[in-house]
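Trainee: Could you walk me through this structure, starting with whatever is bound to it?
Mentor: Gladly, and here it is for us both to look at.

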Amino acid sequence: MVYQDDNYPTATSISQKSTVALLIKPTPSDSSKISRGILDINSHLGFLGRNLLQGLPVRYTSQDASQPWLLFWSLQSLSLLKVELDDGNKRRAAETILAMQNPATGGFGGGPGQASHLLPTYAAICTLAIVSSPSAIDRRLLYKFFRSLKEPDGSFRVSSNGEVDVRGVYCLLAAAKLTGIITEELVEGTRKWLASCQTFEGGFASAAMNITDEIAAPLGEAHGGYTFCALAAWVLLEMEFPSSSENRPKLNLRSLRRWLVNMQGGEDELFGFRGRTNKLIDGCYSWWVGGCFELLDMLEGIGGDKETIWNPEGLKEYILYAAQHQAGGLRDKPPKSADMYHTLYCLAGLSAAQYVSQPWSHSSATSSDSESSSGQSATSASLNATNPLFNLTRTHAEAMVEFFNKGEGSKVDFR
Ligand SMILES: CC(C)=CCC/C(C)=C/CC/C(C)=C/COP(=O)(O)OP(=O)(O)O
Ligand SMILES: [Zn+2]
């Protein structure tokens with residue numbers, strides 16, 4: 001299952017001994033689920049419940065500016081585990097999030113009264129998709145916020161006077177698509193800017209800098225987090241506004257594919273993903289890098305017999321043996337503790353690995369979104385499938401897109 005391209009040397013073979021070698025090896029007397037490589041659903045539900053659900057609205061002092069993220073990480077983790085909130089908790093979550101849309105500037109802040117910012121805006125919109133409460137979003141104001149952040153080169157600042165990077169561009173495009181306010185005017189020039197963030201390695205850097213009016217170059221090092229954002233943003237644009245022009249900007253898909261597969265695996269035969277060349281495997285890249293392969297499939301057209309160029313079975317092993325924490329939740333690597341961020345992105349990567357042979361647009365895969373049962377534990381080790389563009393389950397993503405593009409919600413004039 002090794003991807004080979006004879007025209008390129010291997011970029012990532014200079015390896016260092018990974019601390020993942022500290023992985024607790026299963027012993028015959030240890031019969032815990034984790035030592036047998038089984039997803040310990042109940043202990044993860046316990047972790048999510050202990051960490052968040054008993055404490056809504058969120059008041060984590062050190063993460064005061066990440067309140068929409070804490071809700072998104074935990075509620076999307078539950079969705080992947082096939083658990084849905086009851087109606088009362090859905091309402092509480094929706095009210096908590098809606099109080100974070102800034103009435104003056106239009107975006108969502110990291111908490112009520114905090115400055116509008118693209119990253120919590122994405123997390124807030126996704127959370128509202130999960131709790132099925134799209135209608136109270138002020139889309140006219142949201143569009144105004146997005147417009148106010150646009151730069152002449154097609155990029156966007158993350159907040160008023162904030163930095164420019166591909167995370168912000170992805171968050172804006174995902175939120176605009178989900179709420180039905182993505183327009184050609186809004187994204188003019190964005191494709192070109194994204195293409196100029198691809199580095200010589202094949203992955204994407206955080207941003208690009210203008211050298212002349214015509215030439216831009218990547219700013220910094222290729223990284224899995226930025227690569228996911230740039231690629232998902234690119235696919236969103238390609239799907240929304242397919243362009244046929246000969247001189248449209250292009251990505252180097254061959255070097256991207258090569259870089260992605262080279263992010264998998266370590267010297268110690270563990271097949272998690274790292275985020276950049278010569279760095280350590282970390283559970284969260286299970287999604288940031290592992291989630292990119294389905295995006296590539298979307299871009300290249302899904303052929304029924306497409307060869308899988310990465311190792312989903314190896315990724316499953318890494319997540320189940322190394323990233324699951326005995327006390328519940330998932331993590332970067334042993335001996336670290338679990339947190340909400342790693343819990344979601346490990347579960348999302350596990351979902352991507354489970355559905356690798358069922359690309360998202362195949363009709364057969366839609367039936368894999370199982371019925372959720374309010375407040376009850378999921379009983380199967382197979383997770384819900386997650387939409388590669390948004391990291392929402394297919395049902396949640398489709399319901400919101402449908403609401404704003406075809407249903408009642410589409411009637412608002414947001415311009
Ligand atoms: C939508 C959204 C907000 C996406 C976030 C994407 C993401 C994970 C970006 C990471 C950026 C980065 C340079 C991390 C390096 O951390 P490090 O040096 O601690 O880790 P490393 O050694 O693994 O590179
Ligand atoms: Zn991580």
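What follows is a chat about the ligands and a few individual residues.

Mentor: Before we begin, please keep in mind that this is a predicted model.

Trainee: Okay, so which residues are closest to ligand 1?
Mentor: The shell around ligand 1 has 13 residues, and the closest of these are His223, Arg276, Lys279, Tyr285 and Trp288.

Trainee: How far is an oxygen atom of ligand 1 from the side chain of arginine 276?
Mentor: An oxygen atom of the ligand is 2.6 Å from an N or O atom in the arginine 276 side chain. For tyrosine 285, the corresponding distance from a ligand oxygen to a side-chain N or O atom is 2.7 Å, and for histidine 223 it is 3.0 Å. As for how much of the ligand is covered, the protein hides 71% of the 630 Å² of accessible area that ligand 1 has on its own.

Trainee: Which helix gives the most to that shell?
Mentor: That is H8, which contributes three residues. Helix H6 (166-178), helix H8 (224-240) and helix H10 (285-288) each provide at least two residues of the shell. Sorted by class, the residues around ligand 1 are nine nonpolar, two polar and two charged.

Trainee: Switching to the zinc ion, what coordinates it?
Mentor: The zinc ion, which is ligand 2, is coordinated by two OD atoms of Asp282, by the SG of Cys284 and by the NE2 of His342, at 2.1 to 2.5 Å. Along the sequence, these donor residues follow the spacing D-x1-C-x57-H.

Trainee: What are the angles like at the zinc ion?
Mentor: The angles among the four donor atoms run from 55 to 123°, and the site is irregular. For reference, the ideal angle for four tetrahedral donors is 109.5 degrees.

Trainee: Are those donors, aspartate 282 and cysteine 284, buried or exposed?
Mentor: Aspartate 282 counts as buried because its relative accessible area is 10%, and cysteine 284 is buried too, at 2% relative accessibility.

Trainee: What about arginine 331, where is it?
Mentor: Arginine 331 sits in the loop between helix H12 (312-323) and helix H13 (340-354). Its C-alpha atom is 7.6 Å from that of cysteine 284, although the two residues are 47 apart along the chain.

Trainee: And why does arginine 331 count as buried?
Mentor: Arginine 331 counts as buried because its relative accessibility is 6%, and the cut-off for buried is under 20%. A polar atom of the arginine 331 side chain lies 3.1 Å from the backbone oxygen of alanine 322, and a polar atom of that side chain also lies 3.1 Å from the backbone oxygen of lysine 336.

Trainee: Which peptide bond is cis?
Mentor: The bond from proline 334 to proline 335 is cis, with omega near 5°, and proline 335 is in the loop between H12 and H13. Most peptide bonds are trans, and most residues other than glycine have a negative phi.

Trainee: On that note, what is the phi of lysine 82, and what is the phi of asparagine 161?
Mentor: Lysine 82 has a positive phi of about 70°, while asparagine 161 has a positive phi near 65°. Lysine 82 is in the loop between helix H2 (67-80) and H3, and asparagine 161 is in the loop between helix H5 (139-148) and H6.

Trainee: Is each of them buried or exposed?
Mentor: Lysine 82 is buried, with a relative accessible area of 11%, whereas asparagine 161 is exposed, at 73%.

Technical notes:
Residues numbered from 1 in each chain as written. Chains lettered and ligands numbered in written order. Predicted model: local features only at pLDDT ≥ 70, side-chain atom pairs only at ≥ 80, totals over all residues. Heavy atoms only, no water. Near = heavy atom within 4 Å. Polar contact = N/O pair within 3.5 Å; in protein donor to acceptor, adjacent residues only side chain to side chain. Areas by Shrake-Rupley, 256 points an atom, 1.4 Å probe, with all protein chains shown as cover. Helix = DSSP H or I, 4+ residues; strand = E, 2+ residues; numbered from the N terminus. Nonpolar A, V, L, I, M, F, W, Y, C, P; charged D, E, K, R; others polar. Donors = N, O, S within 2.8 Å, 3.2 Å for Na, K, Ca; no water. Tetrahedral: all angles 85-135°; square planar, octahedral: opposite > 155°, others 65-115°. Buried < 20%, exposed > 50% of the residue type's maximum accessible area, 1.4 Å probe, protein only.
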